[in-house]
Amino acid sequence: MRTAVVVGGGLGGLAVSGALARSGWQVTLLERADRIRPEPTAVVLWPNGLRALRALDLGAGLDAVATPLPDGGVRRPDGHWLVQPRPVPVERLPVVVHREDLHDALIAGLGDRVELRTGVTVRTVRAAPGERPAVGDGRHTFEADLVVAADGADSVIRRQLAPQANVVSSGCAAWRAVIPWYRAPSLPDSVSGEILGAGYRFGAASLGERGSSGASSRGGIYWMATAAGAPRPEPPQTQLALLRRWYAGWPAPVDELLAATEPGDLVQQEIRELRPLPKAYGFPVGPGGVVLLGDAAHAMPPHLGQGACLAFEDAATLASLLRESTLPDAVQAYDRARRPRAAAVVRQTRRMSAVLQTRGRLALRARDAALNTITPRILGSAAAIAAQWRPPTP
Ligand SMILES: Cc1cc2nc3c(=O)[nH]c(=O)nc-3n(C[C@H](O)[C@H](O)[C@H](O)COP(=O)(O)OP(=O)(O)OC[C@H]3O[C@@H](n4cnc5c(N)ncnc54)[C@H](O)[C@@H]3O)c2cc1C
């Protein structure tokens, strides 16, 4: 039986572990935390991410807990429409899902062939020619035919195999929250749409319907805000006060949502990205290999909501290639398939970052031009990128 060690129990690691196990692999999943824990926020999955999850046979579990996200358009803080909402065929709509629900679907997909070992911090990778790939935590060595590095933006495996790729700050911080229905403000049932200002951005989406007895008990209103600058060191209560100040006067429902948010709902994060991207995502080693997957391969700012979607694409691609070819070939084919794809998405994301971060008086005109004309184009290309991807066919 072929064996794999997957390092990291985030969305990417869980998805690929289940996929390999369902194809008959013996999988060991190593996670440094004492348990596998999702964030109490939500995630938007674009059609490419959904297709990848369906290719991984995880679509059924997801359908029960995901809410389609109707096109709510994009506005400026003065209410001016940058992109008007328009009817979009349902198959092109993204969905929003609570991360805890997505996590449950991925855990259910692990089956009983995955040996889950928590509290293991991988520190080294063995990728010398002629040897079997392996990782180690300083006490044990975990050897396998295939090592999957799904250990996130700070991946120790990537640092050793692709040291040219650095994790750098993207120059902004993000705040997210899910306001449970019982204390969510009374707004139209479906809240969606984005508001973009110079250096600031706010988006919201309904998770399920108020009062519905849907499959998930984690419904509410999810919002995400980003602001140029470093994360705030103050306690959540002060962060919330700052957010209310920064976004005061923005179009509804921003004020209402921030007013209904409690400090304990807030999840703050520094936004980071890989610059440059790794030169390779696949490393043939002896009879097997090592691959980089998810944020370990292509951490990027969340401006287009594609990080998790790409991690699922990676997992679906790898699983499909491993069904078709022998191991070292599949590792090389994975590299060829995934690097241009990730680079294209990262390019669009960086264009969006540049527009959002155009600040200062001298740049005012450029900023307005960017917001008015470039943003709709970037969002159009991003939607096309999301629509285009198809899982590889055997
Ligand atoms: C604010 C924000 C909003 C976002 N919104 C969206 C969105 O709407 N749509 C979307 O598609 N994407 C979104 N993303 C991106 C998405 O969250 C990430 O791309 C995705 O979660 C990456 O998953 P991963 O499994 O690759 O990495 P991670 O989630 O970082 O998981 C890595 C795992 O590896 C473990 N680990 C790390 N090092 C070691 C080690 N040495 N040994 C053992 N274990 C280790 C960690 O503990 C962790 O469990 C967003 C990101 C942010 C920051």
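Which polar backbone atom is 3.1 Å from an oxygen atom of the ligand? In this predicted model, the atom belongs to glycine 305.

## Polar contacts of the ligand

Glycine 305 is one of several residues that place a polar atom beside a ligand oxygen; its backbone atom lies at 3.1 Å. Cysteine 309 also contributes through the backbone, with an N or O atom 3.1 Å from an oxygen atom of the ligand. Aspartate 295, by contrast, acts through its side chain, a polar atom of which lies 2.7 Å from a ligand oxygen.

On its own, the ligand has 1000 Å² of accessible area, and the protein covers 86% of this.

## The surrounding shell

The ligand is surrounded by 33 residues, of which Gly12, Glu31, Val44, Arg99 and Asp295 are the closest. By class, the shell divides into 15 nonpolar, twelve polar and six charged residues.

Two helices and four strands each give two or more residues to this shell. The helices are H1 (11–22) and H9 (307–324). The strands are S2 (26–31), S3 (42–45), S13 (166–180) and S17 (267–275).

## The sheet containing S3

Strand S3, a contributor to the ligand shell, also belongs to an open sheet of three strands in the order S3-S7-S4, with antiparallel pairing. S3 and strand S4 (67–68) occupy the edges, and each has a single partner strand, so one side of each is left without a neighbour in the sheet.

Between S4 and strand S7 (residues 95–98), the antiparallel pairing consists of two bridges. Here proline 68 stands opposite valine 95 of S7. Helix H4 (residues 99–108) lies across S3 and S7, and its direction makes an angle of about 85 degrees with S7. Arg99, listed among the closest residues to the ligand, falls within the range of H4.

## The sheet of S9, S10 and S11

A further open sheet is formed by three strands in the order S9-S10-S11, and its pairing is antiparallel. Its edges are strand S9 (124–126) and strand S11 (141–143); each has a single partner strand, so one side of each is left without a neighbour in the sheet. From one strand to the next, the twist averages 20 degrees.

Strand S10 (residues 134–136) is joined to S11 by three bridges, and the two strands run antiparallel. Within this pair, valine 135 stands opposite phenylalanine 142 in S11. In general, the strands of a sheet pair through backbone hydrogen bonds, in either a parallel or an antiparallel arrangement.

Terms used
Residues numbered from 1 in each chain as written. Predicted model: local features only at pLDDT ≥ 70, side-chain atom pairs only at ≥ 80, totals over all residues. Heavy atoms only, no water. Near = heavy atom within 4 Å. Polar contact = N/O pair within 3.5 Å; in protein donor to acceptor, adjacent residues only side chain to side chain. Areas by Shrake-Rupley, 256 points an atom, 1.4 Å probe, with all protein chains shown as cover. Nonpolar A, V, L, I, M, F, W, Y, C, P; charged D, E, K, R; others polar. Pairing = 2+ DSSP bridges. Contact = heavy atoms within 4.5 Å. Axes fitted to C-alpha atoms, helices over the stretch in contact; angles between N-to-C directions.
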